[in-house]
Amino acid sequence: MPIEAADNVPAELPGHGRTVCVTGAGGFIASWLVKRLLQKGYNVRGTVRNPVDPKNDHLRAFDGAADRLVLLRADLMEPETLVEAFTGCEGIFHAASPVTDDPEKMIEPAIRGTKYVITAAADMGIKRVVFTSTIGTVYMNPNRDPSKPVDDTCWSDLEYCKKTANWYCYAKTVAEQDALETARQRGIELIVVNPVLVLGPLLQPTVNASTEHVMKYLTGSAKTYVNAAQAYVHVKDVAEAHVRVYEAPGAHGRYICAEGTTLHRGELCRVLGKLFPEYPVPTKCKDEVNPPVKGYKFTNQRLKDLGMEFVPVLQSIYETVKSLQEKGMLPVLPPGDDVRDNLHEQLMMKPAQLLRN
Ligand SMILES: NC(=O)c1ccc[n+]([C@@H]2O[C@H](COP(=O)([O-])OP(=O)(O)OC[C@H]3O[C@@H](n4cnc5c(N)ncnc54)[C@H](OP(=O)(O)O)[C@@H]3O)[C@@H](O)[C@H]2O)c1
């Protein structure tokens with residue numbers, strides 16, 4: 001049954017009286033998505049694998065959650081639980097997925113699980129599904145011209161993903177291609193969001209994989225940085241992108257969700273070292289032989305065309321570290337906040353200064 005629209009939701013909010021489901025609701029991105037959907041007045045059915053696990057309690061604390069959020073148990077490998085969760089929904093946001101390069105853990109839930117989601121949605125007459133894919137389905141291709149911006153027409157090379165044991169990108173690429181085909185056959189409007197590496201404050205109480213990408217350079221666990229480059233995006237922008245494509249009547253296909261800047265890992269470490277000099281941030285590249293790898297350029301034009309603006313990458317990095325400290329996941333070390341926040345303010349005005357050697 002649809003959740004009854006709460007009386008106190010203003011009728012002018014886009015989500016008023018509308019019910020959607022978010023799979024993997026307790027995850028890093030999905031938590032922000034649930035929060036945003038509730039803000040916009042939607043009734044949300046969130047799937048988690050264990051609704052009584054305290055790690056999902058943060059969801060129940062969101063404004064509007066008491067009246068308009070229901071948490072249900074569902075597993076991607078148990079299609080009947082998805083059918084139950086989708087009952088009464090007009091749209092689905094499919095964000096649940098393992099995030100790992102372990103093929104045993106990754107391949108089945110990503111590929112078969114996504115197929116089950118699309119099939120269950122189609123069986124229940126649901127018209128629109130937004131799938132959280134990744135830039136990893138787009139740019140992993142050694143034969144691409146690195147000088148050309150990567151756009152929504154690009155696909156990762158499955159053989160290359162396999163050869164390099166990049167099972168996350170492999171599984172997400174197959175999952176996305178299968179999902180597009182199943183959706184086409186079943187008449188579902190499938191819209192895909194392809195975020196680059198996602199940073200920003202955590203709502204959930206555990207560290208997820210993309211946050212670990214920054215955290216490892218602050219705890220001393222990474223002694224050097226790798227010779228690689230990466231684009232970043234703020235988690236709030238990723239949530240917003242999901243909602244925008246869902247609400248835009250003509251939205252279709254793939255939307256690359258990236259702030260626009262690509263940083264070499266050395267640049268990331270320099271930024272971290274300048275903003276947070278109290279941590280043992282690596283200063284040396286593991287690869288002392290080859291020149292620094294240049295990152296691919298991405299276009300985020302399709303989301304900009306929907307009115308999206310992106311949080312600057314340095315802000316995302318800063319907020320990630322502050323959040324880890326506030327949640328007690330990273331010890332707060334001297335110098336004190338005043339010094340750092342001043343430095344932060346000054347440097348935010350001159351980002352180029354941070355990126356220089
Ligand atoms: N973070 C990034 O940088 C990034 C970038 C691009 C794309 N993405 C994509 O964004 C989505 C969310 O990623 P995230 O970073 O938010 O990861 P996350 O915090 O690890 O969240 C993933 C969620 O998926 C759920 N899940 C995993 N396996 C499941 C299964 N078999 N059945 C049901 N639920 C399952 C987990 O639920 P439990 O709590 O029950 O384990 C978890 O809540 C993923 O599809 C990922 O591929 C992430």
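Student: Which residue of β5 stands opposite Gly91?

Tutor: In this predicted model, the residue of β5 opposite Gly91 is Arg128. Another bridge partner in β5 is Val129, which faces Ile92.

Student: What makes strand β4 and strand β5 a pair?

Tutor: Two strands count as paired when DSSP finds at least two bridges between them. Strand β4 (residues 91–94) and strand β5 (residues 128–132) share 4 bridges in the parallel sense, so the criterion of at least two bridges is satisfied.

Student: How do you know that β6 and β9 pair?

Tutor: The reasoning is the same in kind: β6 and β9 run parallel and are joined by 5 bridges, against a requirement of at least two. One of these contacts places Cys257 of β9 as the bridge partner of Pro195.

Student: In what order do the 7 strands form the open sheet?

Tutor: The order is β3-β2-β1-β4-β5-β6-β9, with parallel pairing.

Student: Why are β3 and β9 said to stand at the edges?

Tutor: β3 (69–73) and β9 (253–257) each have a single partner strand, so one side of each has no neighbour in the sheet. On average, neighbouring strands of this sheet are turned by 20° against each other, direction ignored.

Student: Which helix packs on the sheet and touches β5 and β6?

Tutor: That helix is α7 (residues 167–186), whose direction makes about 160° with that of β6 (189–195).

Student: What makes β5 mostly covered?

Tutor: In β5, 5 of its 5 residues are buried. Both faces contribute: Arg128, Val130 and Thr132 are buried on one side, and Val129 and Phe131 on the other. Strand β9 is also described as mostly covered, with 4 of its 5 residues buried.

Student: Why does Gly295 count as buried or exposed?

Tutor: A residue is buried if 20 or more other C-beta atoms lie within 10 Å of its own. Gly295 has 20 C-beta neighbours inside 10 Å and therefore counts as buried. Gly295 belongs to the loop between α10 (265–275) and α11 (301–304). Beyond its neighbours within four places in sequence, Gly295 is in contact with Ala229, Gln230, Ala231 and Thr262. The C-alpha atom of Gly295 is separated by 38 Å from that of Ala74, which lies 221 residues away along the chain.

Student: Why does Ala165 count as buried or exposed?

Tutor: A residue is exposed if 12 or fewer other C-beta atoms lie within 10 Å of its own. Ala165 has 11 such neighbours and so counts as exposed. Ala165 sits in the loop between α6 (158–163) and α7.

Student: What is the phi of Ala165?

Tutor: Ala165 has a positive phi of about 55°, although it is not a glycine. Most residues other than glycine have a negative phi.

Student: Which element gives the most to the shell around the ligand?

Tutor: Helix α1 gives the most, with 3 residues. At least two residues of the shell come from each of α1 (28–39), α5 (103–123) and β7 (197–199). The ligand is surrounded by 26 residues, the closest being Gly24, Gly27, Arg49, Ser97 and Ser210. By class, the shell divides into 14 nonpolar, 9 polar and 3 charged residues.

Student: Which residues does the UniProt annotation "domain: NAD-dependent epimerase/dehydratase" cover?

Tutor: According to the unreviewed UniProt entry, the annotation covers residues 20–250. The span of residues 20–250 is 41% helix and 17% strand, and its end C-alpha atoms lie 19 Å apart.

Note on methods. Residues numbered from 1 in each chain as written. Predicted model: local features only at pLDDT ≥ 70, side-chain atom pairs only at ≥ 80, totals over all residues. Near = placed C-beta within 6 Å. Nonpolar A, V, L, I, M, F, W, Y, C, P; charged D, E, K, R; others polar. UniProt positions renumbered as here; feature names shortened; annotations may be inferred. Axes fitted to C-alpha atoms, helices over the stretch in contact; angles between N-to-C directions. Contact = placed C-beta atoms within 7 Å.
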